[in-house]
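Grab a pencil and have the structure open while you work. Try each exercise yourself before reading its solution.

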Amino acid sequence: MTSRVVRGVVLTVLGAFFLLPLVAMADFSTRGGLSGGRDLSAWRGIASDPVLVDGIVTSLELAVLTSLLMLVLLLPTMVWVRLRVPALRRTVEFLCLLPLIIPAVVLVVGIASLYSWVTYLLGDSALTLVFVYVVLVLPYAYRALDAGLDAMDLRTLSEAARSLGAGWWTILLRVVLPGARTAVLSACLLTVALVLGEFTLASLLNFPTLQVAIALAGKRDAALSIAVSLAALLLAFALLLALSVLGRRRTARSVAPVALTSGGPA
Amino acid sequence: MGAQYLDAFVRSLELSAITAVVGSVLGALLAWAVVTGRPDGVLRRVVTSAAGVLAQFGGVTLAFAFLATVGPVGLVTKVLADHGVDALSGGAWIFELPGLVLVYTYFQVPLMVIVFLPALDGLKPQWREAATGLGGTAWTYWRRVAGPVLAPAFLGSLLLLFANAFSAYATAAALVSQGAPIVPLQIRNLQTSEVLLGQQNLARALGFGMVVVVAVVMACYALLQRRTTRWLR
């Protein structure tokens, strides 16, 4: 009985603490100037602000590019390490988790001088950020993919495919990719969320991404940047909620056959 | 010359320690409240998704969220002012260290929920039944069984939160535009300053200092993690 009361109090108090800033954002971004009342000019302003629109487009492009590069880099490596050089697994894992130990603001100090070369060779497009972003998402993507590959019997499946005459490409594209599709999807969604929310590297390397544009807009029009912030938070929330629903459907399907074969009156 | 950097390190450590302790206690409570509900319920789904967003996505958006809440013309500030309370009587505290503590707590609690939920899930109902069967109360169960089993996981999560706060940059950068109370902002000043040229080496030294702190914390985390998995898997 007491635990029910405590639980109710905890949920109410923390719920209020977490909802209050979101409510305040909704309030702030719809204030009607000096005349009072409500208006949506800040929300309409999002689409008509060229810097902000550019930032949104750049960040979306970066999200797609980073997801692709992450998969191309990580998935074959992890499959290859598992099948051929399992002794290297700890090393690869450690390398992938390193970005958790090196703060992004420190990474930028080291990488700034390197980026003058990237700019020199590839031009100063913001899309070159994809190279650092791939490094940043490594820990999260690695763990998502690792769980997915753990859940499938990679060795048996790949040997079966090989004995049926499949090459490495076929195995990767037609066995591993479909088999680990939930893990691949969640690695991609984590990547998208991280890229859309990343500020440190973009701002210190002077690339105009979404978050940099928001911070910049905040200096002249607070209501506008608060409106974009709220929109971005809600979008990310929708993405993750969709992922969790997707994940549940997937487990429900894979658990069902086990339950059917392993119990009940024959 | 060196004193300002030492001060920044001390303040960074203070900020990380305070928000790690507050965040881990509140986060553990929230995780417990969620875990006692239905495992597949709406509450759990919504809380974990929201925690994922607020812990990872935060950054600049959180700075603006708190500007809209307790900033000079924020919602709470205005409501308090209507009731004759001046929330900003102590100066614009939101742009200084107290403000950072508040905003950091806002993303520390969700991170604690994410990392501590699996540990709570690992508590077996049989342990509770065994404790009750032997005549133990709820207090003895938490004091003698669940507490000791969860302790390494809790301490590990605390360290993770500490490292998280210590290396955070975006929120502070968006909130604090004058002065540099913490190390990441000192690095920003050195990195972007157009007045003090040739300070790259200093920025690198500060960066190395940060890496050392985080590496030590994460090494302790790895040790605790090994101990955690003995009981909870």
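**Exercise 1. Find out how many salt bridges link chain A and chain B, and what else joins the two chains.**

Step 1. Start with the charges: the count of salt bridges between chain A and chain B is zero. Keep in mind that you're looking at a predicted model.

Step 2. Now try polar contacts. Three residue pairs, both partners at pLDDT 80 or more, are in polar contact across the interface of chain A and chain B.

Step 3. Sort the residues by class. On the side of chain A that touches chain B there are 37 nonpolar, 10 polar and five charged residues.

Step 4. Look at the area. Chain A and chain B bury about 4,500 Å² between them, and 78% of that lies on carbon and sulfur atoms. Arg7(A), Phe18(A) and Val109(A) supply 13% of the area that chain A buries against chain B, more than any other three residues.

**Exercise 2. Work out how many residues each chain puts into the contact, and which helix of chain A gives the largest share.**

Step 1. Count both sides: 52 residues come from chain A and 52 residues from chain B.

Step 2. List the helices of chain A that each supply at least two residues to this side; among them are helix 1 (2–29), helix 5 (104–122) and helix 12 (222–262).

Step 3. Pick the winner: helix 1 of chain A gives the largest share, 16 residues.

**Exercise 3. Decide how helix 3 of chain A and helix 8 of chain A are arranged: roughly parallel or roughly perpendicular?**

Step 1. Get the angle. The axes of helix 3 (residues 50–83) and helix 8 (residues 168–179) of chain A come within 11 Å and cross at roughly 100 degrees.

Step 2. Compare it with the cut-off: angles of 65 to 115 degrees count as roughly perpendicular. Helix 3 and helix 8 of chain A are therefore roughly perpendicular to each other.

Step 3. See who touches whom. Helix 3 of chain A brings Leu75(A), Pro76(A), Val79(A) and Leu83(A), while helix 8 of chain A brings Trp168(A), Leu172(A), Val176(A) and Leu177(A). By class, that's eight nonpolar, no polar and no charged residues.

**Exercise 4. Do the same for helix 3 and helix 4 of chain B.**

Step 1. Set the scene: chain B has 10 helices and zero strands.

Step 2. The axes of helix 3 (residues 60–70) and helix 4 (residues 75–82) of chain B come within 3 Å and cross at roughly 10 degrees. That makes helix 3 of chain B roughly parallel to helix 4 of chain B.

Step 3. Ala68(B), Thr69(B) and Val70(B) of helix 3 meet Leu75(B), Val76(B) and Thr77(B) of helix 4. This contact divides into four nonpolar, two polar and no charged residues.

Conventions: Residues are numbered from 1 along each chain as its sequence is written. Chains are lettered from A and ligands numbered from 1 in the order in which they are written. This is a predicted model: local features need pLDDT of at least 70, side-chain atom pairs count only at pLDDT 80 or more; totals for chains, interfaces and linings use all residues. Side-chain values use heavy atoms; hydrogens and water are left out. Axes are lines fitted to C-alpha atoms, for helices over the stretch in contact, and angles run from 0 to 180 degrees between N-to-C directions. Helices (H or I, at least four residues) and strands (E, at least two) are DSSP runs, numbered from the N terminus. Angles under 35 degrees count as roughly parallel, over 145 as roughly antiparallel, 65 to 115 as roughly perpendicular and the rest as oblique. Contact means heavy atoms within 4.5 Å. Ala, Val, Leu, Ile, Met, Phe, Trp, Tyr, Cys and Pro count as nonpolar, Asp, Glu, Lys and Arg as charged, and the others, Gly among them, as polar. Buried area is the accessible area (1.4 Å probe) that two parts lose on being put together, summed over both. A salt bridge is a side-chain nitrogen of Lys or Arg within 4 Å of a carboxyl oxygen of Asp or Glu. A polar contact is a pair of N or O atoms within 3.5 Å; within protein, one must be able to donate a hydrogen and the other to accept it, and residues adjacent in sequence count only if both atoms are side-chain atoms.
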